[in-house]
Amino acid sequence: MTERSVAPRVRGATATPQERLRVLLVEDDEGDAFLVRELLDEAEAPFELSVATTLREAGTKMQGVQCVLLDLGLPDAEGIDGLRKFLSVAGGAAVCVLTGRSDEHLGVAAVAEGAQDYLVKGQVDGVLLTRALRYAVERKRADENAQRLREVELRQAESARLERGLLPQPLMQTTEVAVHTFYRSGRAMGLLGGDFFDVVQVGDDRLHVIVGDVCGHGVDEAALGVELRVAWRALVLAGVPEEQILSSLEQVLMSERRAREIFATVASVVVDLTSNRATVRLAGHPPPVLLSGGRAVPVPARTGIVLGVSPKPAPATDVEFMGEDWSLLLYTDGLIEGHTGAGNERLDVDGLCRLLGEPSAADVPLAALPAWLVGRAEQANGGPLADDVAMLLISRGSGR
């Protein structure tokens with residue numbers, strides 16, 4: 001520092017009780033360092049001030065420092081280059097630059113480089129200095145919070161891209177039937193839950209379909225759901241006999257789950273397009289709903305035990321479709337477990353069939369029907385559904 005003149009000192013200015021800040025003054029001029037200390041003392045600022053005369057010394061005194069007053073003319077660092085060197089070791093401390101009247105433009109450049117503020121020597125009093133230091137600290141904290149928020153947003157966006165990439169694309173070529181899907185995670189801020197679905201066509205006339213639900217709502221359950229879906233697709237494509245696929249899938253579940261209490265429910269359907277028939281296997285899962293002839297009824301399929309409790313093959317139920325206009329809706333229980341009114345009554349399978357039997361449902365395009373069902377279930381529930389929801393709608397002809 002070369003300029004000794006300062007603005008009139010304000011005596012008796014008191015600060016309200018505030019956080020006590022540790023301030024480091026990096027200044028090689030003893031007289032100017034004395035003046036800074038005097039200004040803070042006369043303003044009764046709740047600061048703990050220490051002094052370093054070089055950039056090297058300042059680097060050894062940064063422990064616990066919240067704000068730094070940095071002169072831009074030091075023996076071992078000068079100007080903007082000196083500021084850049086200091087910012088590399090400043091850590092989380094706010095930096096307020098001191099400039100002279102003749103080089104005030106350096107203050108503007110310093111803020112552009114990353115300093116929180118600048119002060120012109122000879123134009124500050126104790127109150128202004130105190131305020132500037134506190135503002136610099138708060139600005140630094142705001143910058144760090146904004147940076148952390150941005151990092152969180154980037155991580156969330158990356159997670160969303162990853163989760164979106166893990167959702168399946170139906171592997172089918174046929175135009176005999178159309179497949180419409182719906183998926184919504186019940187996990188906060190997540191796109192992927194423990195529910196899973198997939199569609200794989202084998203040959204010209206057989207369509208394999210699965211909808212499953214891993215118990216739980218966390219990231220581990222979501223990961224396990226993806227593993228089961230990928231394993232199921234691999235089993236189907238490998239040509240494993242239909243009656244062995246769920247048993248093999250159960251082996252994957254039992255080897256990959258993080259706890260013995262984890263289980264999964266599954267609805268598996270193989271549609272024979274040529275004979276217009278299907279084979280349904282349920283492992284603790286609610287039955288598919290068949291839409292045909294203007295009616296919606298649950299498929300009367302036998303239900304086996306959930307996967308992961310007591311290995312046992314799921315029984316097979318053959319279903320014959322009457323006519324060429326039908327839809328088969330597979331879903332997870334998150335759709336039907338919502339309340340229907342003020343009591344404890346749940347929507348359940350019968351309630352789902354009633355929704356599908358409403359006259360207004362007939363006006364909903366098939367592609368929009370799954371989302372419409374979720375909306376009606378939430379309306380009955382009086383709010384969002386708590387669990388994951390996955391749906392597959394397979395339609396032939398007009399679909400109902």
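Here is a short chat about one sheet in this structure and the helix lying across it.

Colleague: What are we looking at, and how are the residues numbered?

Modeller: It's a predicted model, where local features need pLDDT of at least 70, side-chain atom pairs count only at pLDDT 80 or more, and totals for chains, interfaces and linings use all residues. Residues are numbered from 1 along each chain as its sequence is written, and side-chain values use heavy atoms, with hydrogens and water left out.

Colleague: Why are strand 13 and strand 14 called paired?

Modeller: Pairing takes at least two bridges found by DSSP. Strand 13 (residues 289-292) and strand 14 (residues 295-298) have four, running antiparallel, so they count as a pair. V289 has P298 as its bridge partner. Strands here are DSSP runs of E, at least two residues, and helices are runs of H or I, at least four, numbered from the N terminus.

Colleague: What sits between strand 13 and strand 14?

Modeller: Two residues, making a hairpin; G293 in the turn has a positive phi of about 60°.

Colleague: What makes strand 8 and strand 14 edge strands?

Modeller: The open sheet has the order 8-18-17-13-14, with antiparallel pairing. Strand 8 (177-184) and strand 14 each pair on one side only. Strand 8 joins strand 18 (residues 389-396) over eight bridges, with R184 opposite V389.

Colleague: How does helix 10 run relative to strand 18?

Modeller: Helix 10 (residues 369-381) runs at about 135° to strand 18. Angles go from 0 to 180 degrees between N-to-C directions, using axes fitted to C-alpha atoms, for helices over the stretch in contact (heavy atoms within 4.5 Å).
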